[in-house]
Amino acid sequence: MESKTPCLWELWVDPARRVVSFHEEDGCQKLEFRSQELFLRCIDQYTRQQYRYQ
């Protein structure tokens, strides 16, 4: 039986420091995704823009 609660992917972004975090980070904007495809597209976009990951 499938769960009715959608999967949720999260990341936090600090454009000033060009950092993407996979855990809650003070001063960062939280982004939530209900689609894995959109989440991965976002990761690719930040990679192309040379953001650091932590």
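# Reading the cut-offs in a predicted model

Q: Why is the sulfur of cysteine 42 not counted as bonded to the sulfur of cysteine 28?
A: The closest cysteine sulfur to that of cysteine 42 is the one in cysteine 28, and it lies 13 Å away, too far for a bond. A disulfide is counted when a pair of cysteine sulfur atoms lies within 2.5 Å, and a distance of 13 Å does not meet that limit, so this pair is not a disulfide. In chemical terms, a disulfide is a covalent bond between the sulfur atoms of two cysteines.

Q: What kind of model is this, and what do its values rest on?
A: This is a predicted model, in which local features need pLDDT of at least 70 and side-chain atom pairs count only at pLDDT 80 or more, while totals for chains, interfaces and linings use all residues. Residues are numbered from 1 along each chain as its sequence is written, and side-chain values use heavy atoms, with hydrogens and water left out.

Q: How many disulfides does the rule give?
A: The count comes to zero disulfides. Starting from cysteine 28 leads to the matching result, because its closest cysteine sulfur, in cysteine 42, is 13 Å away and too far for a bond.

Q: Are cysteine 28 and cysteine 42 buried or exposed, and how do you know?
A: A residue is called buried when its relative accessible area is under 20%, exposed when it is over 50%, and partly exposed in between, using a 1.4 Å probe and protein chains only. Cysteine 28 has 15%, so it is buried, and cysteine 42, at 10%, counts as buried as well.

Q: What makes up the pattern of this protein along its sequence?
A: The pattern is β-β-β-α-β, and it is built from one helix and four strands. These elements are DSSP runs numbered from the N terminus, with helices being H or I runs of at least four residues and strands being E runs of at least two. Helix H1, for example, covers residues 36–48, and strand E4 covers 52–53.

Q: Where is serine 21, and what makes its burial clear?
A: Serine 21 is found in strand E2, residues 19–21, and its relative accessible area is 0%, so it is buried. Apart from neighbours within four places in sequence, serine 21 is in contact (heavy atoms within 4.5 Å) with Leu11, Trp12 and Gln54.

Q: Why does the pair formed by serine 21 and histidine 23 fit the distance limit of a polar contact?
A: A polar contact is a pair of N or O atoms within 3.5 Å; within protein, one must be able to donate a hydrogen and the other to accept it, and residues adjacent in sequence count only if both atoms are side-chain atoms. A polar atom of the serine 21 side chain lies 2.9 Å from the backbone oxygen of histidine 23, so the distance falls within the limit.

Q: What is known about the surroundings of aspartate 14?
A: Aspartate 14 lies in strand E1 and, at 10% relative accessibility, counts as buried. Its side chain makes a polar contact of 2.7 Å with the side chain of arginine 17. Not counting residues up to four places away in sequence, aspartate 14 touches Val19, Gly27, Cys28 and Tyr51.

Q: Why is tyrosine 51 called buried or exposed, and which residues does it contact?
A: Tyrosine 51 is found in the loop between H1 and E4, and it is called buried because its relative accessible area is 11%. Leaving aside neighbours within four places in sequence, the contacts of tyrosine 51 include Val13, Asp14, Arg18 and Tyr46. Tyrosine 51 and valine 13 are 38 residues apart in sequence, while their C-alpha atoms are 9.2 Å apart in space.

Q: Which classes of accessibility do arginine 18 and glutamine 50 fall into, and why?
A: Arginine 18, in the loop between strand E1 (9–14) and E2, has a relative accessible area of 36%, so it is partly exposed. Glutamine 50, in the loop between helix H1 and strand E4, has 66%, so it is exposed. Arginine 18 has a positive phi of about 55° although it is not a glycine, and glutamine 50, also a residue other than glycine, has a positive phi near 65°.
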